[in-house]
Number of protein chains: 2
Amino acid sequence: MAKKPDNPYVVQPVMKALKVLELVARHSHEIALTAVSKELKIPKTTTFRYLQTLTAAGFLDHNRATDRYNLGPQLRSIARADASVSKVRELARPAMIGLMQEFNETVNLAVKGNGTIVYIDLVEANRSLRMQARIGDSHPMHSTALGKAILAFLPDAERQHQLDLPLTERTGRTLLEREEIERQLRQVARSGYATEMGENEDGAMCVGVPILDADGYPVAALSISAPLMRMPHSLAAKAGVRLREVAAGISATLGSHPPG
Amino acid sequence: MAKKPDNPYVVQPVMKALKVLELVARHSHEIALTAVSKELKIPKTTTFRYLQTLTAAGFLDHNRATDRYNLGPQLRSIARADASVSKVRELARPAMIGLMQEFNETVNLAVKGNGTIVYIDLVEANRSLRMQARIGDSHPMHSTALGKAILAFLPDAERQHQLDLPLTERTGRTLLEREEIERQLRQVARSGYATEMGENEDGAMCVGVPILDADGYPVAALSISAPLMRMPHSLAAKAGVRLREVAAGISATLGSHPPG
DNA sequence: AAACAAATTCCGCAAGGCGAAACGAGTGTT
DNA sequence: AACACTCGTTTCGCCTTGCGGAATTTGTTT
């Protein structure tokens with residue numbers, strides 16, 4: 001009876017719904033219920049339910065006028081985000097290695113999550129006292145140089161929205177006053193780089209800059225992190241300037257694609 | 001008990017599995033079973049099954065080494081195909097309108113399906129006797145100018161594979177001999193355009209040219225179709241030359257993106 | 001080696017997915 | 001205008017099969 005007895009853990013409704021999703025996607029054009037049902041040999045009622053579910057989840061789009069389905073915003077959004085992350089990571093990696101060698105400190109790459117930044121790559125300095133992050137970790141925006149760099153270049157509305165979220169206190173130095181944060185962000189927008197001194201992790205500091213896409217939107221951020229003791233303000237400023245240059249190069253390459 | 005009683009036709013396992021897919025995708029990095037389970041408040045066993053299913057369908061990828069999951073090839077493939085189709089359609093539309101006005105005949109745009117071509121756009125001439133295709137229709141490759149244009153520029157291995165499939169006889173004039181078809185395709189490769197005279201639909205003809213991506217792969221084809229009586233060989237040749245120019249422009253714009 | 005954590009397997013229950021059939025809306029045909 | 005047809009939607013009762021707690025295995029850390 002089972003059509004795919006390969007893996008006993010395969011959930012049939014899910015598998016069949018994915019086949020529906022795939023068929024719709026591969027059709028290159030909106031397709032109707034009956035056509036899907038016939039093509040996949042799945043009873044009309046069942047197909048109907050899957051299409052409804054996929055649509056409710058945003059993976060498909062239901063054209064009321066023609067009663068047909070095609071790819072939905074959710075899938076496109078996921079694909080776009082994934083492509084963006086891959087591309088940034090790929091473009092940034094060589095530059096990150098260069099920066100690591102230049103400063104002999106850990107270099108981090110992160111993208112914007114929801115109220116947080118998520119590390120998507122990092123190149124660690126070969127020192128015994130190293131920094132903490134792991135790929136996939138997420139930290140608050142307001143307590144990291146990576147987050148501040150992104151916040152400073154976000155469209156006003158979105159920045160306000162982010163700052164409206166509750167701000168967690170990571171260390172005694174974490175900035176929590178709205179006024180203070182906004183003042184710093186304006187400064188970041190002017191100088192082009194953000195610094196953070198023990199605001200996210202005691203004894204650690206970070207200098208970060210945004211990476212902008214063709215529309216000037218901060219899709220990611222690049223940073224150098226170090227123990228506070230190894231990175232005085234003067235060196236941090238120097239790092240900020242270098243980061244700004246490097247990030248500008250990456251942004252330019254990203255932006256060379258005319259927006260879709 | 002039901003979490004989303006909105007739509008009574010929503011299939012819960014499918015919906016929850018899609019949430020899992022979305023979470024993994026949004027995580028920007030590979031994620032482990034337990035993390036997904038905790039995040040979505042879905043029992044570990046169930047989450048496990050969904051991850052297995054999504055992986056079996058190719059939507060996720062399971063990293064055996066780290067026992068973590070991330071986006072799979074299927075999703076990327078769907079996204080790529082979709083983006084490609086959208087982009088070609090968008091780029092080609094103005095040119096298609098121009099061609100329609102120039103020749104006062106229907107202009108068609110199609111992509112490669114599996115052994116077939118699929119119409120993804122068309123601009124119809126305002127004449128009483130018009131051609132037949134509708135967006136989403138698919139026709140055999142070997143019996144259409146669109147298909148021949150694509151076949152002629154396919155890598156050898158793939159072209160052979162396509163021609164190995166059974167060739168349906170659409171009209172009395174449809175080419176069915178392997179030798180004859182291959183000879184024509186070589187001619188198409190030389191001249192840069194393909195013609196078809198009553199081989200797909202009695203009384204109708206078509207002139208088609210390929211649209212190539214940055215790698216020279218024929219992702220789509222552009223054609224002008226007309227009743228045989230209105231388009232003698234001499235005019236068809238003229239149309240072929242124009243189509244070649246127009247398609248070259250579209251191909252160039254497509255190719256301006258360095259490959260990912 | 002023990003202790004822990006995470007992934008996989010097992011199993012019985014009943015939630016809920018399935019699909020035949022009926023219904024209704026829309027379209028085209030005579 | 002009435003009819004026939006197709007396609008999408010809804011209903012309903014059967015019973016498959018998905019669910020999740022718990023046990024087991026795997027592999028990682030102290």
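The questions below deal with a predicted model of two protein chains and a DNA strand.

In this predicted model, local features need pLDDT of at least 70 and side-chain atom pairs count only at pLDDT 80 or more, while totals for chains, interfaces and linings use all residues. Residues are numbered from 1 along each chain as its sequence is written, chains are lettered from A and ligands numbered from 1 in the order in which they are written, and side-chain values use heavy atoms, with hydrogens and water left out.

Q: How many residues surround DNA strand D?
A: A residue is near the strand if one of its heavy atoms lies within 4 Å of it. The closest are A:T34, A:F48, B:T46, B:R49 and B:Y50. The count of surrounding residues is 18.

Q: Which element supplies the largest share of the surface near DNA strand D?
A: Helices are DSSP runs (H or I, at least four residues), as are strands (E, at least two), and both are numbered from the N terminus. α1 (12-26), α2 (33-40) and α3 (44-56) of chain A and α3 (44-56) of chain B each supply at least two residues. The largest share, four residues, comes from α3(B).

Q: How far is a polar side-chain atom of B:T46 from a phosphate oxygen of DNA strand D?
A: Of the atoms of DNA strand D within 4 Å of the protein, 64% belong to sugar or phosphate. B:T46 has a polar side-chain atom by a phosphate oxygen of this strand, and the distance is 2.5 Å.

Q: Which residue of β3(B) is the bridge partner of B:L60?
A: Two strands pair if DSSP finds at least two bridges between them. Strand β2 (residues 60-63) of chain B and β3(B) pair in the antiparallel sense over four bridges. In β3(B), the partner of B:L60 is B:L71.

Q: What area is buried between chain A and chain B?
A: Contact means heavy atoms within 4.5 Å, and 45 residues of chain A are in contact with 45 residues of chain B. Buried area is the accessible area (1.4 Å probe) that two parts lose on being put together, summed over both. Carbon and sulfur atoms give 67% of it, and the total is about 3700 Å².

Q: Which residue of chain B forms a salt bridge with A:R76?
A: A salt bridge is a side-chain nitrogen of Lys or Arg within 4 Å of a carboxyl oxygen of Asp or Glu. Two are counted between chain A and chain B. In the one formed by A:R76, the closest N and O atoms are 2.8 Å apart, and the partner is B:D82.

Definitions and conventions
A polar contact is a pair of N or O atoms within 3.5 Å; within protein, one must be able to donate a hydrogen and the other to accept it, and residues adjacent in sequence count only if both atoms are side-chain atoms.
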